[in-house]
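Visitor: I have a model open in front of me and would like to know what stands behind the terms people use for it. Could you walk me through them?

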2 protein chains.
Amino acid sequence: MTGYGQFCPMSKAMEVLDERWTLLVVRELLLGSCHFNDLRRGLPKMSPALLSKRLKSLSRAGVVVRTEVDGRSTYSLTPCGQELGEVVDALGRWGIRWLGEVVDADLDPHLLMWDVRRTVPIHEWPVGRTTVEFRLDGVAATASRWWLVVADGHADVCDVDPGHEVTGTVQTSLSTLTRIWRGDVGWATALRDGSVAVSGPVDVRAAIPGWIGQGAKAAVPRPA
Amino acid sequence: MTGYGQFCPMSKAMEVLDERWTLLVVRELLLGSCHFNDLRRGLPKMSPALLSKRLKSLSRAGVVVRTEVDGRSTYSLTPCGQELGEVVDALGRWGIRWLGEVVDADLDPHLLMWDVRRTVPIHEWPVGRTTVEFRLDGVAATASRWWLVVADGHADVCDVDPGHEVTGTVQTSLSTLTRIWRGDVGWATALRDGSVAVSGPVDVRAAIPGWIGQGAKAAVPRPA
DNA sequence: CTGTATCCATGGCGATACTG
DNA sequence: CAGTATCGCCATGGATACAG
């Protein structure tokens with residue numbers, strides 16, 4: 001008895017979607033990941049076996065299609081899967097409004113920098129290569145320094161020094177950068193209270209908040 | 001490890017909502033059920049122990065509040081819970097569009113008549129008591145005859161003959177009535193192809209399709 | 001790079017009965 | 001009416017290692 005025994009459309013939807021991890025896989029696909037290891041990077045706590053299993057059931061459900069492109073496995077959403085964007089959106093809006101507190105167990109520097117990378121507003125950056133260094137206080141040494149490199153309309157993030165000249169530096173805690181990215185606190189507030197510090201030439205310091213993107217839900221109004 | 005270890009708002013939302021049955025409980029509350037046994041009626045395949053457990057965790061999450069009203073346990077949605085209407089809506093729209101086929105295991109005459117009752121467009125009915133009898137072909141005798149009674153701005157459904165004069169009768173299969181209610185097929189089509197038959201005075205026969213309500217998602221456009 | 005194969009513990013959840 | 005109490009299965013999914 002795996003179903004709900006109901007003909008209600010939302011019950012039928014939940015039969016496809018309510019298993020653990022399922023909608024997070026869909027979210028990753030909506031955000032543009034299409035290869036197995038890209039998906040894994042956005043879902044670091046998910047075992048590969050389970051990811052594989054979920055991709056298979058989403059295929060069976062007609063949400064995902066697997067194709068081979070240039071010999072690489074490529075997953076993408078069918079029209080049916082793309083329409084789950086509305087569901088994912090509604091969940092995100094609800095989550096950001098009512099589930100505001102981020103506990104330590106949810107913090108993850110790799111995940112954060114991966115999200116920062118994919119929300120970089122490229123056109124806000126200067127032409128030519130620009131590198132912003134991040135220093136995360138209180139994070140294990142191997143994950144405390146990051147370099148965000150934007151060049152040729154493309155953003156990359158490294159956890160080893162790429163050796164470029166650093167245009168500016170952001171220093172803060174993992175928690176603060178996460179909350180800024182989520183939109184829980186604003187740059188202005190965080191700069192004022194000293195929980196984040198930017199360094200570099202004055203024009204760079206002024207520009208950095210506009211260079212660092214935010215999550216899609218950052219602008220959602222919060223309940224009073 | 002019960003959470004996802006992610007700070008993404010939608011992951012946080014799923015931590016609260018992705019367990020089996022959870023969103024169906026919310027759906028019932030959104031539809032207006034507020035007592036334990038009302039909820040059970042809308043969730044017949046859910047064990048009472050599990051319903052109790054889900055209500056408790058939804059309370060802990062701030063989605064539901066339990067109060068005593070005139071000595072009766074009463075569950076209702078907090079503002080946070082009411083906003084899940086958007087999520088439930090998005091899921092229902094997606095479900096009706098892409099999960100169209102209703103299998104036999106999802107058919108349930110009690111559930112259907114309970115849904116028909118609560119979607120009755122009261123103001124479409126005549127003043128004074130009106131009774132429509134339903135005869136469901138191919139359903140066990142104890143659940144094949146139903147009486148929908150509308151009087152004083154209130155609708156009731158009985159599975160035993162209430163003894164009133166019957167204003168009109170609908171005869172069809174459980175599957176057809178379900179698909180009509182969901183909006184998968186229209187009254188006109190079903191009457192034309194004979195899969196449903198209405199009897200009674202000519203004006204009643206003409207009026208019945210307008211008396212029987214449909215699910216909230218019936219009007220959602222289907223993919224080509 | 002893209003997965004599979006195994007293994008195991010956990011606990012989710014279904015079924016049923018029962019109680020204030 | 002509104003839940004508890006118990007029981008036991010089996011499937012879920014986490015961890016790890018490995019393979020084409």
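Guide: Gladly; we will take the protein interface first and then the two DNA strands.

Guide: This is a predicted model, in which local features need pLDDT of at least 70 and side-chain atom pairs count only at pLDDT 80 or more, while totals for chains, interfaces and linings use all residues. Residues are numbered from 1 along each chain as its sequence is written, chains are lettered from A and ligands numbered from 1 in the order in which they are written, and side-chain values use heavy atoms, with hydrogens and water left out.

Visitor: What makes residues of chain B count as being in contact with chain A?

Guide: Contact means heavy atoms within 4.5 Å. By that rule, 57 residues of chain B are in contact with 56 residues of chain A.

Visitor: And what is meant by the area buried between chain B and chain A?

Guide: Buried area is the accessible area, found with a 1.4 Å probe, that two parts lose on being put together, summed over both. Here that comes to about 5000 Å², and carbon and sulfur atoms give 67% of it. B:Phe7, B:Met10 and B:Trp94 supply 18% of the area that chain B buries against chain A, more than any other three residues.

Visitor: Why is the meeting of A:Asp106 and B:Lys12 called a salt bridge?

Guide: The term asks for a side-chain nitrogen of Lys or Arg within 4 Å of a carboxyl oxygen of Asp or Glu. The N to O distance between the side chains of A:Asp106 and B:Lys12 is 2.5 Å, so the pair qualifies. The count between chain B and chain A is 6 salt bridges.

Visitor: Which helices of chain B supply residues to the side that touches chain A?

Guide: Helices here are DSSP runs of H or I with at least four residues, and strands are runs of E with at least two, numbered from the N terminus. α1 (9-17), α2 (22-30), α5 (79-82), α6 (85-98), α7 (109-118) and α8 (174-182) of chain B each supply at least two residues. The largest share, 12 residues, comes from α6(B).

Visitor: What makes a residue count as near DNA strand D?

Guide: One of its heavy atoms must lie within 4 Å of the strand. There are 17 residues around DNA strand D, and A:Arg20, A:Arg54, B:Ser52, B:Lys56 and B:Tyr75 come nearest. Among the strand's atoms within 4 Å of the protein, 85% belong to sugar or phosphate and the rest to bases. α4(B) gives the largest share of this surface, 4 residues.

Visitor: How do you know that B:Ser52 makes a polar contact with DNA strand D?

Guide: A polar contact is a pair of N or O atoms within 3.5 Å; within protein, one must be able to donate a hydrogen and the other to accept it, and residues adjacent in sequence count only if both atoms are side-chain atoms. An N or O atom in the side chain of B:Ser52 is 2.7 Å from a phosphate oxygen of DNA strand D, so the pair meets the cut-off. For B:Arg66 the corresponding distance is 3.4 Å, so that pair passes too.

Visitor: Which residues are closest to DNA strand C?

Guide: Of the 16 residues that surround DNA strand C, the closest are A:Ser52, A:Lys56, A:Arg72, B:Arg20 and B:Arg54. A side-chain N or O atom of A:Ser52 is 2.5 Å from a phosphate oxygen of DNA strand C, and a polar side-chain atom of B:Arg20 also lies 2.5 Å from a phosphate oxygen of this strand. For B:Trp21, the distance to a phosphate oxygen is 3.3 Å. α4(A) gives the most to this surface, with 4 residues.
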